[in-house]
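Here is a quick tour for anyone meeting this structure for the first time. Have a look at the sequence and the fold, then read on.

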Amino acid sequence: MIYPGPVARLIEELGRLPGVGPKTAQRLAFHILATDIHEVQRLAEALLAAKAQTVNCSVCHNITDVDPCRLCRNPERDRQLVCVVESPKDVAALERSHEYRGLYHVLHGAWSPIAGVGPEQLRIKELVDRLKAGGIVEVILATNPDLEGEATAMYLSRLLRTLGVKVTRIAHGLPVGGELDYAADDTIARALQGRREM
Ligand SMILES: [Zn+2]
């Protein structure tokens, strides 16, 4: 063991975060150790509060601190439109573009046989239930334009058409393999405007 137990533990925990390799984990750990105790406390409290004070919205499954979430409660949103996305980050990206005024449905992933994620692991049954409850005219599929996102969109378009709802797919203004939350706001706006019926 090169580092004292508590330091090794911190490095190990940081290293579990996505995109954080051993070197970055070590750098972050030593940054935290060199930081004022009050600042470290604020970070620790923010981590716990974010986890403890949020849930998935019972309607759209977006992350929220009030249930139903503020988007689902907002009387100014168009309730005939539902945009299907992979993650809460995608909702944030679409909201930043200021182009969309409908509601959302967050799948929490995409169909990926390699990663062992099938339709039953996604919030698809919940989406079907929402559509069966009526009032929704169009479902916009805004899953990522990569292999998993396209497979998910194909699966959903076949499934949802049987429910008598219009199913559209956002245009491919996005770079292939790109993720929605990295796209520029005007790119997202164009992708929405150029959506086509599937
Ligand atoms: Zn919601």
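What percentage of the 198 residues of the protein chain count as buried? The figure is 39%. Keep in mind that this is a predicted model.

**The overall picture**

The protein chain is built from eight helices and seven strands. Its C-alpha trace spans about 60 × 35 × 35 Å along the principal axes. If you take the contacts between residues at least 6 apart in sequence, 57% of them join residues at least 24 apart. For a feel of distances, pick threonine 24 and glutamate 76: they sit 52 residues apart along the chain, and their C-alpha atoms are separated by 44 Å. Threonine 24 belongs to helix α2, and with a relative accessibility of 26% it counts as partly exposed.

**The largest pocket**

Helix α2 also turns up in the largest pocket, where α1 (5-15), α2 (22-33) and α3 (37-52) each supply at least two residues of the lining. The largest share comes from α3, with four residues. The space in this pocket is about 370 Å³. What kinds of residues make up its lining? Nine are nonpolar, one is polar and two are charged. Among the lining residues you'll find Leu10, Glu13, Arg16, His31, Ile32, Val40 and Leu47.

**Helix α5 and its buried face**

Now move along to helix α5, which covers residues 88-96 and has Asp90, Val91, Ala93 and Leu94 buried. Looking down the axis of α5, these buried residues fall within an arc of 160°, so they line one face of the helix. There's a simple rule behind such patterns: an α-helix has 3.6 residues a turn, so residues three or four places apart point the same way. The cover over the buried residues of α5 includes α4 (70-73), β3 (78-85), β4 (102-106) and α8 (185-193).

**Two nonpolar cores**

Those elements come back when you look at the largest nonpolar core, which has 22 residues. Among the residues with the most contacts inside this core are Cys83, Leu94, Tyr104 and Ile170. The elements giving two or more residues to the core are α4, β3, α5, β4 and α8. Apart from this core lies another one, of 17 residues, including Leu103, Leu107, Leu122 and Leu160.

Tyrosine 104 is worth a stop of its own. Which residues does tyrosine 104 contact, leaving aside its neighbours within four places in sequence? Its partners include Cys60, Leu71, Cys83, Val91, Leu94 and Arg130. So Val91 and Leu94, both buried in α5, are also among the contacts of tyrosine 104.

**Loops with something to say**

A few loop residues deserve a look too. Here is how buried or exposed three of them are:

| Residue | Relative accessible area | State |
|---|---|---|
| Histidine 61 | 9% | buried |
| Histidine 98 | 70% | exposed |
| Serine 112 | 9% | buried |

Histidine 61 sits in the loop between β1 (55-56) and β2. Its phi is positive, near 70°, although the residue is not a glycine. Histidine 98 also has a positive phi without being a glycine, at about 55°. You'll find histidine 98 in the loop between α5 and β4.

Asparagine 62 lies in the loop between β1 and β2, and at 8% relative accessibility it counts as buried. What does asparagine 62 touch, not counting residues up to four places away in sequence? Its contacts are Val55, Asn56, Cys57, Leu71, Pro88, Val91 and Val106. Leu71 and Val91 also appear among the contacts of tyrosine 104.

A little further along, the peptide bond from aspartate 67 to proline 68 is cis, with omega near -5°. Proline 68 itself lies in the loop between β2 (63-64) and α4.

Last on the tour is serine 112, in the loop between β4 and α6 (124-132). Leaving out residues up to four places away in sequence, serine 112 touches Val117 and Glu148.

Conventions. Residues numbered from 1 in each chain as written. Predicted model: local features only at pLDDT ≥ 70, side-chain atom pairs only at ≥ 80, totals over all residues. Heavy atoms only, no water. 1 Å grid on protein atoms, 1.4 Å probe; cavity = no way out; pocket = protein on both sides within 12 Å on 5 of 7 lines; lining within 4 Å. Points joined across faces, edges and corners; volume = space filled by probe spheres on them. Nonpolar A, V, L, I, M, F, W, Y, C, P; charged D, E, K, R; others polar. Buried < 20%, exposed > 50% of the residue type's maximum accessible area, 1.4 Å probe, protein only. Arc of directions from axis to C-beta. Contact = heavy atoms within 4.5 Å. Core = buried A, V, L, I, M, F, W, Y, C linked by side-chain atoms within 4.5 Å.
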